[in-house]
Amino acid sequence: MALPKQDEDFPAWYQEVVKTAELAEPSLARGTMVIRPYGYAIWEGIQRAVDDRIKATGHQNLYFPLFIPSRLLEKEAEHVEGFAPEVAVVTHAGGSDLEEPLVVRPTSETLIWATYAKWIQSYRDLPLLYNQWANVVRWEMRPRMFLRTTEFLWQEGHTAHETEQEAVEETLRILNEVYLDAYEEVMAIPAHAGRKSASERFPGAVETYTVEALMRDRKSLQACTSHYLGQNFAKAYGVRFLNRGGEQEEAYATSWGLSTRAVGAVIMTHGDDQGLRLPPALAPVQVVIVPIFRSDEERSRVMEAAAKLAGGIDARVHVDDREERPGFKFNHWELRGVPVRIEIGPRDLDADQVTVAARLTGEKEAVPFGQLAARVGALLDETQRGLREQAREFREAHTFRPADLAEMGALLKDPGGFMLTPWCGSEE
RNA sequence: CGGGACGUAGCGCAGCUUGGUAGCGCGCAGCGUUCGGGACGCUGAGGUCGCGGGUUCAAAUCCCGCCGUCCCGACCA
């Protein structure tokens with residue numbers, strides 16, 4: 001029943017939360033998971049936040065196929081070398097061996113740039129600012145729910161530009177205005193944006209930038225990446241355009257992705273020994289109302305009042321009318337991280353008030369009917385800020401300063417890279 | 001792929017050393033009592049003991065092989 005303590009066994013805590021809060025469960029093929037409705041609703045919240053920002057920065061969504069002819073993958077040397085160990089290949093289909101094997105995309109640069117070659121002739125065709133929401137497959141050694149699954153969901157943006165400067169600006173715009181902003185404002189996760197070391201760079205990239213966040217086990221999580229790809233893919237796939245000077249030139253590329261791993265980041269940043277704590281901006285249920293009653297007479301009084309109050313609150317409200325005891329329901333919703341709980345029983349009704357409990361602090365307070373909507377709204381705001389503030393304090397307490405890093409110079413192979421916690425490095 | 005642990009009811013486990021009727025807790029179903037922080041009683045359903053082979057009159061238990069899961073490492077959104 002009770003969760004393992006974070007301090008005692010963080011991996012066990014994580015797995016148990018994912019399972020008992022009904023976010024996801026392992027599926028039958030190794031390393032794959034079933035994302036359950038509550039977990040998927042959290043992912044949909046992240047998708048909305050990211051998709052809104054992708055569109056606000058001028059991008060459009062499109063969709064490329066799952067299969068990539070294997071020959072195509074081989075054209076960019078670093079890229080194929082980097083991904084070869086983890087690609088899944090279809091060699092048999094339709095009852096016979098395929099003449100040319102099909103790679104299940106581990107990422108789509110190859111297919112997309114082979115296609116861009118047909119779409120780009122002139123500087124007038126640029127830039128191409130496209131994104132897709134898709135599933136990809138990477139045969140990783142050690143799968144972990146949400147953090148590293150064989151198949152995962154993500155968005156991958158692929159843009160083509162006229163100049164290096166424009167492409168570099170695009171890479172950083174996505175990093176800051178899309179990813180960092182979504183993490184800060186919606187997921188309430190304060191994060192470091194930075195540049196990866198050469199050894200951690202995306203295969204085929206000139207430069208890789210990431211957002212890294214500190215989890216409560218004091219390990220860093222690579223929360224997304226944004227790559228400046230230079231002309232590498234344009235050269236490999238023959239994407240040339242006539243530039244303003246009348247000369248043929250290869251286009252400059254970026255790619256960037258954020259995956260279902262972000263759900264894991266939310267769990268591991270905010271969760272406590274009682275379970276999840278979801279930032280209100282992301283929570284599928286922001287307010288849960290737990291009616292309390294004994295007799296049928298009390299029941300109808302309380303349920304009527306609960307329905308009325310629910311309608312007056314401007315938030316995602318759920319009334320838990322199951323035949324369970326109140327204490328069971330309190331734990332149920334705390335485990336699922338619902339920010340605000342309203343308890344309403346005969347004692348409350350007699351006093352024209354309800355009892356409001358905040359997941360952030362665990363505190364309860366009596367709130368008169370007339371002030372409920374305003375108080376709930378304020379509590380949701382406080383929770384959104386409070387979670388981010390707690391995460392920021394935790395990060396500050398466990399992040400090494402440049403002075404600390406200087407003393408550990410030997411550990412820093414590349415001054416461009418960064419480490420949050422030198423003793424354990426980057427977890428993902 | 002290297003090191004470690006483990007596969008017995010939906011979940012968590014005992015039983016294995018010393019072979020002989022497959023058990024416990026939680027959960028699940030029905031009924032009753034309960035209900036302001038994870039309720040209790042009674043009744044009941046639920047099992048090819050991971051898979052395959054071997055030894056034996058007899059295998060959850062002993063032997064061999066395989067598969068899978070979890071943790072630590074290298075790789076990774």
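How many bridges join β18 to β19, and in which sense do the two strands run? Five bridges join them, and the strands run antiparallel. That hairpin is one of several features worth a look in this predicted model, so let us start with the whole chain and come back to it.

## The chain as a whole

Chain A has 13 helices and 19 strands. Along its principal axes, the C-alpha trace spans about 80 × 60 × 45 Å. Of the 428 residues in the chain, 40% are buried. If you take the contacts between residues at least 6 apart in sequence, 67% of them join residues at least 24 apart.

## Two nonpolar cores

The largest nonpolar core has 74 residues, and those with the most contacts inside it are Tyr179, Tyr183, Met187 and Ala213. Helix α6 supplies the largest share of this core, with eight residues. Apart from it lies another core of 23 residues, among them Ile68, Ile112, Trp113 and Ala236.

Tyr183 is a good place to zoom in. Leaving aside residues up to four places away in sequence, Tyr183 touches Ile189, Ala191, Val211, Ala213 and Ala223. Two of the strands around here deserve a closer look.

## β11 and its two partners

Strand β11 covers residues 220-230. Nine of its eleven residues are buried, so the strand is largely enclosed by the rest of the structure. On one side, β11 pairs with β10 (residues 207-214) in the antiparallel sense over eight bridges, and Val211 has Cys224 of β11 as its bridge partner. The two strands form a hairpin with five residues between them. β11 also pairs with β14 (residues 252-259), again antiparallel, over five bridges; here His227 stands opposite Ser255 in β14.

A reminder that helps when reading such strands: in a regular strand the side chains alternate between the two faces of the sheet.

## The β18–β19 hairpin

Back to the opening pair. Within the β18–β19 pairing, Ala357 has Lys364 of β19 as its bridge partner. Five residues separate the two strands of this hairpin. What about burial in β19, residues 364-368? None of its five residues is buried, so the strand lies largely in the open.

## The surface near the RNA

There are 43 residues around RNA strand B, and Arg30, Met141, Gly327, Gly345 and Arg347 come nearest. The elements that give two or more residues to this surface are α1 (10-20), β11, β14, α10 (326-335), α11 and β18. By class, the surface has 15 nonpolar, 13 polar and 15 charged residues.

Which element gives the most to the surface near RNA strand B? The answer is α10, with eight residues. The buried residues of this helix are Lys329, Trp333 and Glu334. Seen down the helix axis, these buried residues fall within an arc of 130 degrees, so they line one face of α10. What covers them includes β15 (287-291) and β17 (340-344). The face turned away from the buried side carries the exposed residues Gly327 and Phe328, and Gly327 is also among the residues that come nearest to RNA strand B.

## Backbone details

Several residues have a positive phi, and the table gathers them with their places.

| Residue | Phi | Place |
|---|---|---|
| Ala188 | near 60 degrees | loop between α6 (164-186) and β9 (191-195) |
| Arg218 | about 65 degrees | turn of the β10–β11 hairpin |
| Gly337 | about 80 degrees | just after α10 |
| Asp352 | near 55 degrees | loop between α11 (346-350) and β18 (353-358) |
| Gly362 | about 80 degrees | turn of the β18–β19 hairpin |

Is Ala188 buried or exposed? Ala188 has 26 C-beta neighbours inside 10 Å and therefore counts as buried. Asp352, in contrast, is exposed, with 10 other C-beta atoms within 10 Å. Both are residues other than glycine with a positive phi.

One peptide bond also merits attention if you plan to inspect the backbone: Leu126 and Pro127 are joined by a cis peptide bond, with omega about 0 degrees. Pro127 sits in the loop between α5 (109-119) and β7 (128-137).

Technical notes: Residues numbered from 1 in each chain as written. Chains lettered and ligands numbered in written order. Predicted model: local features only at pLDDT ≥ 70, side-chain atom pairs only at ≥ 80, totals over all residues. Helix = DSSP H or I, 4+ residues; strand = E, 2+ residues; numbered from the N terminus. Buried ≥ 20, exposed ≤ 12 C-beta atoms within 10 Å, placed from the backbone. Core = buried A, V, L, I, M, F, W, Y, C linked by C-beta atoms within 7 Å. Contact = placed C-beta atoms within 7 Å. Pairing = 2+ DSSP bridges. Near = placed C-beta within 6 Å. Nonpolar A, V, L, I, M, F, W, Y, C, P; charged D, E, K, R; others polar. Arc of directions from axis to C-beta.
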